[in-house]
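Q: I'm new to this structure and would like a close look at just one part of it. Could you pick a helix and walk me through it, then show me how a few other spots compare in their surroundings?

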Amino acid sequence: MNLDALLPEISIFVFAVVALFAVLLGKGKGRLTAPLISVLGVIVSIALLIFIVPFNREALYGWLSADSFSYFFRILFMNIGIMMIFLSADFINDDDRHHGEYYFLLLMVVLGAMLISSANDLIMIYISIELISFPAYILAGFRKRDVKSNEASVKYFILGTLASAMLLYGMSLVYGLTGTTNLIEISQALPGGLDPIFLISVVMIIAGVGFKIAAVPFHFWSPDTYEGAPITVTTLLATISKLAGFVALYRILIFAFGDFAGIWSKVIAVLAVLSMVFGNLIALPQNNIKRLLAYSGIAHVGYMLICFTFPSADARWSLIVYFLAYIFMNIGAFSVAMIVEKTKKSSELSSFAGIGYSNPYLGVAMTIFMMSLVGLPPFAGFIGKLYVFKSAVENGQLYLVIIGVITSVISLYFYLKVVRQMYFEKGDGIKVEVPILTLVVITICVIYTLLIALYPEFFTRIAISATS
Amino acid sequence: MQVDLLSLLLFLPLVGAIIILFLPRKSAAGIKWVSLIFSLPSLFISFVLYFLMDHSNGGMQFSINLPWVRSIGLSYHLGVDGISLPLIILTAILTTISIIASWNINEKLKGYFSLILLLETGMLGVFVALDFILFYIFWELVLLPMFFLIGVWGGPRKDYASIKFFIYTLLGSVLMLVGILVLYFNSGLGTFDMTELVGAKLKPAIENLVFILTFLGFAVKVPIWPFHTWLPDAHVEAPTAGSVLLAGILLKMGAYGFMRVSLPILPEGSRFFASMIAILAVISIIYGALAAMAQKDLKKLVAYSSVSHMGYVMLGVAANTPAALNGAVIQMVSHGLITGMLFLLVGLIYERTHTRMISDLGGLATKIPIISGILAFTSFSSLGLPGLSGFWGEFFVLLGAFSKATVFYKTMVYIAAIGVVITAGYLLWMLQRVILQTYKLKEESLPRINGRELLTLVPIIILIVLIGVYPAVILKMINSAILLISG
């Protein structure tokens, strides 16, 4: 049994346990020790992955396969993890207890996302999804004296377990049909022709993952959970958790059900249209930045799902580029929202009033993120949408592109609501405090949001090599 | 290796915009001077290009073509020809003038001046980009600065006007993007390069689809009736410099799109839809003129006159004969100068009288004779008085359209000619009510024009007269480029 391909995962786990016990056994609340150990753990894991771990190996009897796809996503998830730890170190303050537990759970989410990136087996995918979901349920309710945080957690937990059940049911049907849980073997063993049981299993799996990525009509938990959860956890849900869902979808649909694209692509197309239309329309009247970003996230799921509606290599790397753009502009937007909320004690849009003048840099950064989310050039979101729409037009999905661009224009209105608050309204003039680590994260996000748009070639090549 | 003039032209304003962001907020004069200084190199380079350019060569000159995103075939391809260079010079002149005209802006200076310079980069980029996606990026880059200029420094209904402007024009441009993508995949050339796409052979149905999609993007920008409703709102609320650039340059981007994209790349589509465009153009001419006549607000009057005057440009595009297209380009340049100046004058009058309502004004010639005189001069140019620049554009467009010698185009020309008469009507009536008649305002005297204000007006006056008396200064290069694209 070879575990060397799993070294980064093992290292993350070890460091997570160390962080947990260091705080439990040490004196004080561990406000600094826990994030320090966690960051160290992630950095060690990245180093292990880059320098030590052999490429293209299988581990755990073929449950995991370390291919270029998993290599890319593991590095990506660990980098997001570092940014999350930075944000948490600024946000989870002395009033909160259980710092050790917080970072332990955070690293478990990262670990789950890393495992799902290389999962090659339905059971592994299921376990990884649960490894992401359970810590996330707890983290959503981390502020245990806050009623909204509790509500967020319970809602997320109940709907999340329902989704897991559906996913598991779908998987069991696939097992019944093929007698195996290995993705590649499934693709070979699936009977030709349209089997109604197979159809049910496809719908069940898509519905189960649909909950995790918050695609319409499986999105109902997301605005409430995003609003109630501590905002760093919201960021976690919007980035790692959502992308891990996409990775699961990618692995199952492309690797196992690749020959049946004609069937599932239609289901996905329906979800894509619903997500784009309803995500953007319901976002219009929102007045809370977290709810607004929740619906914005739902809408972006719609754009990303377009890539699953036709089989093409272009679509796959377009999706990866879109992921990159999505991550940086979202983490950036959430970071700004986080420090504004912390200073103004409110996440209503009106708390952004006048920030463009009291904090010029934050104003410019948030404007960049918002415009990138709309998909305006010269920002990352534009390149993401350009690639997705380009491959969709190439594959004759013109109607999806027309819906996509028109809903993008609609989305301009609610993203501009934030910008207008910052520049067109006079605020209370209170300067928002910008902690140093958050500033670093915001700056990284600004740089990447611009860089992806100005030199897309580099990111495109990475995406192509990750999906080849 | 030769100095890459176009990149310098394009990015020096952007450098200025970034430098301004790092200047101390309190040094008002410093910010103004830096922005002025960074607008000058582009102005200088645009004139250098004029003198270096081979006016008898209609092809692309000063080209630079570097690969940008190899994976999907994007390139950093810039170049100018006789159609784009007059517009580049116009952009550079009007931007510098806008900066001088904004000298009395007192709040949020850093943002204001860096946005104007950012806007300049966007506008110049549209006219020099020859890669379709690059063109689109600059096209969109213009929106954000203009949104802020209207929304932060604008009038009472700035919130509504700025967002309407943004959403309306974005809707047009995203459909244009879809058109670009459809074109890309059906051309069979695998390139976004506009100069190569000229050779694309498309199926008629696809070509018409692409034409409609790009048409929507361009038509909103021009704007052609019935896509014009954002324009009066945006103009009325925008600060003076915003109005000048909006009317002077942004509207030209749409018409330029027709000449750079629709006519050469989609010739069959252009032919198919020519009559429709001609009808919309003539409706714009008449409707814009009648609407202008009905306005009570001086600025709105100028805004609707833009709709009317851009109608001539579109009529020229529809007629698609060399004479008509020459006229269309001259009309674009001339309208940019004339309307830019009208907005400057409205701004000067408003600063003095604090009203733009025509009914409140009157007899201004007795209090501010120079401004009134220049207003009269500009209005005469705008209504097409021979010897001033406004004449040649309308003349060539009507001549070119008439020479098509079909009943349809002759009818169109007859109706458009009525528009000339209505234009004379509303402008003269406006002059009568604003500078003649009796003086009604409370103020005993109004401040005379000062040197800085004169500096913003005199260059435009000179150009209006120069083009009016000797149109060959730009006509030769325009004609060489037009001969390559006209049908």
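A: Here is a walk along one helix, followed by a few other spots.

Keep in mind that this is a predicted model, and that the model scores ipTM 0.91 and pTM 0.93.

Let's start with helix α10 of chain A, which covers residues 231-256. From its first C-alpha to its last, this 26-residue helix reaches 36 Å, close to the 38 Å expected at 1.5 Å a residue. There's a bend along the way, though: α10(A) has a kink of about 30°, centred on A:L237. As for its surroundings, 24 of the 26 residues of α10(A) are buried, so the helix is largely enclosed by the rest of the structure.

Now for a single residue in another helix of chain A. A:P8 sits in helix α1, residues 7-25. A:P8 has 25 other C-beta atoms within 10 Å, and 20 or more make a residue buried, so A:P8 counts as buried. Leaving out residues up to four places away in sequence, A:P8 touches A:S45, A:L48, A:L49, A:V53, A:R74 and A:M114. The C-alpha atoms of A:P8 and A:I75 are 10.0 Å apart, with 67 residues separating the two along the chain.

Over in chain B, pLDDT averages 90, and 99% of the residues score at least 70. Strand β1 (residues 61-69) runs antiparallel to β2(B), and six bridges join them. Across this pairing, B:I64 stands opposite B:L78 in β2(B). Four residues lie between the strands of this hairpin, where B:G73 takes a positive phi near 75°. Five of the seven residues of β2(B), which spans residues 74-80, are buried, so this strand is largely enclosed by the rest of the structure.

Definitions and conventions. Residues numbered from 1 in each chain as written. Chains lettered and ligands numbered in written order. Predicted model: local features only at pLDDT ≥ 70, side-chain atom pairs only at ≥ 80, totals over all residues. Helix = DSSP H or I, 4+ residues; strand = E, 2+ residues; numbered from the N terminus. Expected span 1.5 Å × (residues − 1). Bend = angle between axes of the 7 residues up to and from the residue. Buried ≥ 20, exposed ≤ 12 C-beta atoms within 10 Å, placed from the backbone. Pairing = 2+ DSSP bridges. pLDDT = per-residue confidence, 0-100. Contact = placed C-beta atoms within 7 Å.
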